[in-house]
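Colleague: I should like to go through this model with you, one question at a time. Please reason briefly before each answer.

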Amino acid sequence: MPVEPWSVATLAVRAGMTAYSERQQIASTWHRIITKIMHRQSSIAITGVGGVGKTVLSDYLSGEGLSIHYSTPGRSVNQERKELYSSKRLTALTIVPGQVSPQKDKSLDELFDGRRRVDGVIHVVSNGFITLREQDARELAQEHNDLERFREFQRNKEVEEFKELISYVKSSHRKGKGPSWLLLAVNKVDLYYEDTSLKGAYRHYAAPGGQFFACLDQLGASLGRTDFEWDALPVCASLSDFIWEEEGVQSMLLPDQRNKLLLGLLKAIDDRISAS
Ligand SMILES: Nc1nc2c(ncn2[C@@H]2O[C@H](COP(=O)(O)OP(=O)(O)OP(=O)(O)O)[C@@H](O)[C@H]2O)c(=O)[nH]1
Ligand SMILES: [Mg+2]
């Protein structure tokens, strides 16, 4: 269950920060997670609407995104994988493309209807700060030409998308193939990390009364509280300003604050893999 307050300081304590540099901790925690997943021959899924930041977040969780040579990717058409090479190639993490497409359905079917178990799901949301690319952006701009309306539209879309995911999770669970946990990664928090907006995001995604809480609470009741648990955590990866039409929102966190949030999420994943 999510705990308030959401802040860099509380998450740093939860992540058990040590004297090691955050970058080293990110790399070592990621390695530990991937090794455990590999030994189990299961996998982790990353889901969420297009432009919410799934590919970039996974690159930062693995440490790749922290390199000065890293450049942000374009829209993902096919599913992406983080793999480990041992005697055979094993997928440790699958990122489902966000844009509605046959590739997306195929990826979801493979994950939740395939032979291998899905250990857990990281579902990414971004409080309406969705990066739109190409034609669809121009079409939407005509209807939602101010940022607040655009964000509201995107937040509703996130709820619809989430309900679809829940059906996949339920059906996979019925076949005994997991997932046993779901983490709601409330992403791009660097764009709304001030008091009122952050509290608003907490209420929307994590507090009783919000639609996400209702969906997840119901899901927990139907799957069995001992077989499934969830949490919601704020996070961010690429600290970029957000521009919608004429309006801009500045990124307001520093790299070391961002790294603490990444570690908070990594720790939450690590704890769940260790427990399940
Ligand atoms: N401010 C801010 N911007 C971010 C963050 N993460 C990603 N972005 C921006 O969001 C854009 C989209 O991120 P992606 O990771 O490509 O999105 P995606 O969810 O993989 O999208 P699809 O591949 O279309 O499914 C990036 O190009 C960045 O500009 C973040 O934490 N904060
Ligand atoms: Mg992508």
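Colleague: How far does a polar side-chain atom of Lys-188 lie from an oxygen atom of ligand 1?

Modeller: Please note that this is a predicted model. A polar contact requires N or O atoms within 3.5 Å. The polar side-chain atom of Lys-188 and the oxygen atom of ligand 1 are separated by 3.0 Å.

Colleague: Where is Lys-188 placed, and what is its phi near?

Modeller: Lys-188 belongs to the loop between β5 and α7 (195-205). Its phi is positive, although the residue is not glycine. The value of phi for Lys-188 is near 60°.

Colleague: Which residue has a polar backbone atom 2.7 Å from a nitrogen atom of ligand 1?

Modeller: The backbone also takes part in contacts with ligand 1: a polar backbone atom of Val-56 is 2.8 Å from an oxygen atom of the ligand. For the nitrogen atom at 2.7 Å, the backbone partner is Ser-238.

Colleague: Taken alone, ligand 1 exposes 660 Å²; what percentage of that does the protein bury?

Modeller: The space that ligand 1 takes is the largest pocket. Around the ligand stand 24 residues, with Ser-76, Arg-133, Ala-237, Ser-238 and Ser-240 the closest. By class, this shell has eight nonpolar, eleven polar and five charged residues. Of the 660 Å² exposed by the ligand alone, the protein buries 94%.

Colleague: Which residue meets the side chain of Arg-32 in a salt bridge?

Modeller: Side chains of opposite charge can pair when their charged atoms come close. The whole structure holds 14 salt bridges. In the one formed by Arg-32, the N to O distance is 2.8 Å, and the partner is Asp-270.

Colleague: How many residues apart are Arg-32 and Asp-270?

Modeller: Arg-32 is in helix α2 (residues 22-40), whereas Asp-270 is in helix α9 (residues 255-275). The pair thus links distant parts of the chain, with a separation of 238 residues.

Colleague: Which peptide bond is cis, with omega near 0°?

Modeller: One should look in the loop between α6 (147-174) and β5 (181-186), where Pro-179 is found. The cis bond is the one from Gly-178 to Pro-179.

Methods. Residues are numbered from 1 along each chain as its sequence is written. Chains are lettered from A and ligands numbered from 1 in the order in which they are written. This is a predicted model: local features need pLDDT of at least 70, side-chain atom pairs count only at pLDDT 80 or more; totals for chains, interfaces and linings use all residues. Side-chain values use heavy atoms; hydrogens and water are left out. A residue is near a molecule or strand if one of its heavy atoms lies within 4 Å of it. A polar contact is a pair of N or O atoms within 3.5 Å; within protein, one must be able to donate a hydrogen and the other to accept it, and residues adjacent in sequence count only if both atoms are side-chain atoms. Accessible areas come from the Shrake-Rupley method with a 1.4 Å probe; for residues, only the protein chains shown count as cover. On a 1 Å grid over the protein atoms alone, a cavity is a set of points where a 1.4 Å probe fits but cannot get out, and a pocket is an open set with protein on both sides within 12 Å along at least five of seven lines; lining residues have an atom within 4 Å of a point. A molecule sits in a cavity or pocket if more than half of its atoms lie within 2 Å of its grid points. Ala, Val, Leu, Ile, Met, Phe, Trp, Tyr, Cys and Pro count as nonpolar, Asp, Glu, Lys and Arg as charged, and the others, Gly among them, as polar. A salt bridge is a side-chain nitrogen of Lys or Arg within 4 Å of a carboxyl oxygen of Asp or Glu. Helices (H or I, at least four residues) and strands (E, at least two) are DSSP runs, numbered from the N terminus.
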